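Biologist: Could you walk me through this structure at the bench level? I would like to go from single residues to sheets and cores.

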Amino acid sequence: PEPIGFRATGPAGGTLAVEADGEGWTVRCGRRDFTFSYRLVLTIEDRYTADVRTMLTSLDEDRCRLHGGDLLLVPLMETAPGVIVDVDLFPGAPVSAPWDVVGRRILAPGVGEAVGMVVAAGAYRFFENESAGTTVGLAIAGDWKFEDGEFFDLVGHIVRREISWFGDSPVDRYLFVCDRNPARGGKCFDHY
């Protein structure tokens, strides 16, 4: 198969020949320095049956919380800094993640961080605040015996206490998701 959006350019900016070579690719460069780049687009579709969907903890009619490891099936390889993840699950609804979000686009520092992130999208009530130099976000849904603000204050207090124990935070931003777990047990499914 042809490489996906693969191109190599030489020092003068000209495009170099790229040829399949066994299990790899050879760039015909005449022993000159060159750079190469490629673009890989991942599209995630709803491939679950209705029965399976009711066993997943992350999907609902108006909202979802997703874990990157369940979606981004990419190898943990060295890449240039920055991975862009576009989320288009509930058009027009807000999206939140533990990394910077611009519109419906998440900007993760790298592949490892993208695979480990949690995304909340849809009908959540979103809160965000600065706590001990770290941004703390909360996505909450449903009715509870406590007020949203009280719970958000408690989350911020826990973050400040944890940071005071260890001196600083390993990340600049946290996202906490508070939602009921709709998972129903099945013989072949692990849920969390």
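Biologist: Is Gly68 buried or exposed?

Modeller: This is a predicted model, where local features need pLDDT of at least 70, side-chain atom pairs count only at pLDDT 80 or more, and totals for chains, interfaces and linings use all residues. Residues are numbered from 1 along each chain as its sequence is written, and side-chain values use heavy atoms, with hydrogens and water left out. Buried means under 20% relative accessible area, exposed over 50%, and partly exposed in between (1.4 Å probe, protein chains only). Gly68 has 4% relative accessibility, so Gly68 counts as buried.

Biologist: Which residues is Gly68 in contact with, leaving aside its neighbours within four places in sequence?

Modeller: Contact means heavy atoms within 4.5 Å. The C-alpha atoms of Gly68 and Ala114 are 5.9 Å apart, although 46 residues separate the two in sequence. Beyond its neighbours within four places, Gly68 is in contact with Ala114, Val115 and Met117.

Biologist: Thanks! Is Ile84 buried or exposed?

Modeller: Ile84 sits in strand 6 (residues 83–86); helices (H or I, at least four residues) and strands (E, at least two) are DSSP runs, numbered from the N terminus. Because its relative accessibility is 52%, Ile84 counts as exposed.

Biologist: Which strands stand at the edges of the open sheet with the order 5-10-7?

Modeller: Strands pair here if DSSP finds at least two bridges between them. The open sheet has three strands with antiparallel pairing. A single partner strand is all that each edge strand has, so one side of each is left without a neighbour in the sheet: these are strand 5 (63–67) and strand 7 (95–96).

Biologist: What is the bridge partner of Cys64 in strand 10?

Modeller: Strand 5 and strand 10 (residues 118–122) pair in the antiparallel sense over five bridges. Within strand 10, Cys64 has as its bridge partner Ala121.

Biologist: Lovely. Which elements give two or more residues to the largest nonpolar core?

Modeller: A nonpolar core is a set of buried Ala, Val, Leu, Ile, Met, Phe, Trp, Tyr and Cys residues joined through side-chain atoms within 4.5 Å. The largest has 15 residues, and those touching the most other members include Val95, Val119 and Ala121. Two or more residues come from each of strand 5, strand 9 (105–108) and strand 10.

Biologist: Which residue in the turn between strand 11 and strand 12 has a positive phi?

Modeller: Seven bridges join strand 11 (residues 125–131) to strand 12 (residues 134–140), and the two run antiparallel. They form a hairpin with two residues between them, and the residue with a positive phi of about 55° is Ala132.
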